[in-house]
Amino acid sequence: MSPPFTLFEWHTMTKFNSLRHIPESTMFRKGDVFVLFGELFGRGYANGLIDQARAAGMTILGITVGRRDDNNALRALDEEELAEAEAKLGGRIINVPLMAGFDLDAPEGEKNVTEMLSVLNLKTWQEDQLDWAKVEACRQAGVRRFTEAAASAMAEIDKLIPDGSNVFFAHTMAGGIPRVKVFLAIANRIYKGRGERFMSSRALLDSDLGKVSLMNFDEVTANTLGHLITSSAAIRARMQATGGSVRYTAYGYHGCEILIDGQYQWQTYTNYTQGYAKMRLESVASAAWAQGVHATVFNCPEIRTNSSDIFVGVELSLFPLLQALKREGGGKWAQQQWDACQALLEDDVSLQTVIDMIASYNGDATSVSFRNFEDWPMDNTPALADVMIGTSDDITKLHKDKKALITDHLSALVLEGAGPLMFHGAAEQIGPVLWLNHDIIAKKLNALHPD
């Protein structure tokens, strides 16, 4: 039996639509409600939105993905976990487990997908086949569990939102990597390997392991936005009837414009396997928008996070942000960012040397061939792995401390700029999918730090 999908179902290309102005909306105010639809675990894009909501005086609510017990059964947070999560969020958490994905779900008495995959090994995984009827039964069980939990959580959230409020739902769910050793071993070779350790991303996508992974990525990253919009319909209707309004945002990735040869040009990290799910996320927002629901996916620039560190080379596009800061009118503060980055390098290494290395990387014929928006996400190649991973390794070696990188500093700057752009941009109802490129990030940062 074949899997219940084909790749073209994901590959519905969104028109490139960039945010080119700094939104200034002051729609959200004290008494309005911000709902984080996804648990806050570390520093990332979600923090920028929470900071904006707190500054506006909004009531902050959140949800939890729950935790797994020793038998992998999903449970709510205990008192200590709940207190810790609420302290981190700075608001109240609805303690209904909303773990997305279906890799650990199954009909009663049946194996779940993780158990099905546990027998795969590095010698046979490309030929090993799954029973797609059983996989689909697991998917349906997972969707049923999630949608029932979402309805329960929204009923509780509904009680906490006053009539006439402006409500901001921030969808932050992403991921879905199967928790099996064989996948992690393969991923290390696809995203970190070169030479003899290189592995083709196409080999993964053509395998049953890859196909079920794409299904799970869809459920976690994209379909949960649809479930959020559906489960909050009663809240949306009540707000609209009482003078309020509702906005939805989600975090996308679909490449980003950076300065290359003095011009802002679209580029991307390759291979971004989750890109298919990110395009599906765009489609969910576009479909909602067409029905009058203001949901916007913001395609954000590449940054370093705990989850993105597996993608060696994804951080290379951050370096041209330094040039964008000066290009977009930066002065004393922008120069301070250059100085801060210089201080992270070995004493005999010039920051300009690193900038030149990035220019060489972006000008390499192999790199240029992957700046193909229409064919995104493209498969990796040995040549790309050599130039991208090699450049990443070479630049990392130039730092004083391998745990204190220039890209950490620049990632924090991107987060600082993206938060207010998303928060106020959502209020302006600009469109269902917007790209945040280095130009608008730099403009916003310079505006936040006037000389």
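Begin with the lining of the second largest pocket, which by class comprises eight nonpolar, five polar and four charged residues. The model is a predicted one. To centre the view on this pocket, select Arg304, Glu315, Ser392, Thr396 and Leu405, which lie nearest its centre among the 17 lining residues. The space in the second largest pocket is about 230 Å³. Next, colour α14, the element that gives the most to this lining, with five residues.

Keep α14 displayed and turn to the enclosed spaces. How many cavities of 30 Å³ or more are there? The count comes to six. The largest cavity holds about 160 Å³ of space. Select Gln267, Thr268, Tyr269, Tyr361 and Asn362 to find it; of the 16 residues that line the largest cavity, these lie nearest its centre. Two elements give two or more residues to this lining, namely α12 (351-363) and α14 (382-396). The lining of the largest cavity divides by class into seven nonpolar, seven polar and two charged residues.

Proceed along the chain to helix α15, residues 406-427. Placing a distance marker between the first and last C-alpha of α15 should show 33 Å, close to the 32 Å expected for its 22 residues at 1.5 Å a residue. Is this helix mostly covered or mostly open? Of the 22 residues of α15, 18 are buried, and the helix is thus mostly covered. Just after α15, select glutamine 429, where phi is positive at about 55°.

The last stop is strand β1, residues 33-37, in which five of five residues are buried. Display its side chains: Val33, Val35 and Phe37 point one way, whereas Phe34 and Leu36 point the other way. In a regular strand, side chains alternate between the two faces of the sheet. In β1, the residues pointing each way are all buried.

Now add the two partners of β1. Strand β2 (residues 59-64) runs parallel to β1 and is joined to it by four bridges. Within this pairing, select valine 33 together with threonine 59, its bridge partner in β2. Tracing the chain from β1 to β2 leads through helix α1 (residues 45-55), and this β-α-β crossover is right-handed. The other partner to select is strand β6 (residues 166-171), which is also parallel to β1 and joined to it by five bridges. To finish, select leucine 36 and alanine 170 of β6, which stand opposite each other.

Conventions: Residues numbered from 1 in each chain as written. Predicted model: local features only at pLDDT ≥ 70, side-chain atom pairs only at ≥ 80, totals over all residues. Heavy atoms only, no water. 1 Å grid on protein atoms, 1.4 Å probe; cavity = no way out; pocket = protein on both sides within 12 Å on 5 of 7 lines; lining within 4 Å. Points joined across faces, edges and corners; volume = space filled by probe spheres on them. Nonpolar A, V, L, I, M, F, W, Y, C, P; charged D, E, K, R; others polar. Expected span 1.5 Å × (residues − 1). Buried < 20%, exposed > 50% of the residue type's maximum accessible area, 1.4 Å probe, protein only. Pairing = 2+ DSSP bridges. Right-handed = clockwise from strand over helix to strand, strands pointing away.
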